[in-house]
Amino acid sequence: MSKIISKGVFCTEVNPELKKQNKTVALCHGVFDLVHPGHIVHLEQAKKMADVLVVSVTAAEYVRKGPGRPYFDDEMRMKFLAALECVDYVMLSEGYTVDDIVECVKPDIYVKGEEYARAEDDITGKITEEKALVEKYGGHIRYTTGQTFSSTNLINTALSGLSDEVRCYMEDFTTRYSMKEIRAFSEKAESLKVLVVGDIIIDKYTYCDVQGLMSKDMGYSARIQSSEEHLGGSVAIARHLSSFTDHVTLLSVMGDEQDIRSRIFQELSDSIQLKLMYSSLFPTIVKHRYLTRNAKREEYRKVLAVNNIPEKMEYEKKIRELFLGKLKEELDASDVVFLCDFGHGLIDEEVIELVQKNAKYLVLNCQTNSSNHGLNIITKYTRADVFVVDQQELKLAFPVYVNDEKAGLEKLAQHLHGSGWLTRGSLGAYGIHEGKIDDCPAFTLQVKDTVGAGDAFFSAAGLYAAAEAPIEVGTFMGNIAGALAANIVGNKEAVEKVNVLKYANTLMNV
């Protein structure tokens, strides 16, 4: 029988036979992206603890080390391990946790490296749950000792897992900051009471195959494959933030559609406090994008975009008064406000004045899009503790500096009397604080869809700044969140704290 075995075969054939023979089983689990001396010592020590050693490997789709990881595919990583004499069986774990393997193997001993002996040092926060599950099936956890190596470090350096630009940036960054400090800022962010204010937007995606141009017109002809809807706008930002803190409140106005209202409460009410008003005059904003997929890789190109945004959206007087009343209450109760000005009518002069005057800490994003181009300029604000703009938004705000982004960013920081960031797509991001600008490269050029990447950057960078992290750390964490979001179609999923921290840990290993 091959050492590489499915969970089904192990459960139904191998495990019963091992139990019949009274053989003890040890289990090791990990990504094992590059087997190195540390792994071998760990596995050899584990083998001495039991009669049989089972090693499980996290399937590629569940590896949370950032875009481009794992470096080696599932089959290759399992082959590496099966080639080791001390390993008896290798299987694939198909989940973010090891639960499926523990339930199948029911190990007598679950073996982890000594770096997991202190639960507070585990980025995933899962070691306590893993220990409880192992004990539930009659096993216990033990830790190996020995010199610690890092697959991630070896891949980042020896195998060019990082570009030269990113590696040089990280070598410099790690002279000033440690993963311990980043986790400390993350813990501080957990206690912040966050208020998100902005439009609720439904992002509708329709996937199609473009057949060509119409025979008698200038438009595309396409065959529809499927459609899906995501919760976007301020909802997407609130979802990102709710992974970092349990104290997120979303304040907004939406249409009175029962199906959309029900969906929002079903999906968000457990993690976000919802303060919503409903207009009978205007519908919830829907942005509908038609996309085609690259035939060779998972990358999408937009063919057409339509929306239902009225040319002039002015909510009913009663709704506005209710919204303003709630805003005053929530500003008093919140530590930090994320103002998401999409330029669709919700954020008017009265809201701007109220937030600028009363927010204890203001994180600002004033977006330019096709429906408000040139009409929603960030310079209408005079205060922000931190802000985020993209290249187009900066050019509209200060066109005189169109060829000098750093000068334009410095001018905007002076205008808003704060610090902030300029996101630059594949070029990364600039961060500015007290006139000093840091330049952080993009952490991935592997992209599925850039929609939502800016919102993820805004959420992570702003929250770390609110937790008193240096602007440079905010740039780093924002770029990580943006890189992860660029590999999610639209706002289908939120960027999760554990994934951000694991990718940070990957990058810090240089």
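1. Axes here are lines fitted to C-alpha atoms, for helices over the stretch in contact, and angles run from 0 to 180 degrees between N-to-C directions. With that in mind, please read the points below as remarks on a predicted model.

2. In this model, helix α8, which covers residues 179–190, packs with helix α17, residues 497–508, at an angle of about 165 degrees, and the two axes lie 10 Å apart. Because angles over 145 degrees count as roughly antiparallel, α8 is roughly antiparallel to α17. The crossing of α8 past α17 is right-handed.

3. Which residues of α8 and α17 meet? From α8 come Met179, Ile182, Ser186 and Glu190, and from α17 come Lys497, Leu501, Ala504, Asn505 and Met508. Sorted by character, the residues of this contact of α8 with α17 comprise five nonpolar, two polar and two charged.

4. Turning to the sheet, five strands form an open arrangement with parallel pairing, in the order β3-β2-β1-β4-β5. Its edge strands are β3 (89–93) and β5 (140–144), each of which pairs on one side only, and from one strand to the next the twist averages 30 degrees.

5. Within that sheet, strand β1 (residues 25–30) and strand β2 (residues 52–58) run parallel and are joined by six bridges; Gly30 has Val57 in β2 as its bridge partner.

6. Helices also meet the sheet: α1 (residues 7–20) packs on it, touching β1, β2 and β3, with a direction at about 140 degrees to that of β3. Helix α2 (residues 37–47) lies across β1, β2, β4 (109–113) and β5, and runs at about 140 degrees to β2.

Methods: Residues numbered from 1 in each chain as written. Predicted model: local features only at pLDDT ≥ 70, side-chain atom pairs only at ≥ 80, totals over all residues. Heavy atoms only, no water. Pairing = 2+ DSSP bridges. Helix = DSSP H or I, 4+ residues; strand = E, 2+ residues; numbered from the N terminus. Contact = heavy atoms within 4.5 Å. Parallel < 35°, antiparallel > 145°, perpendicular 65-115°, else oblique. Left-handed = near helix turned anticlockwise from the far one by under 90°. Nonpolar A, V, L, I, M, F, W, Y, C, P; charged D, E, K, R; others polar.
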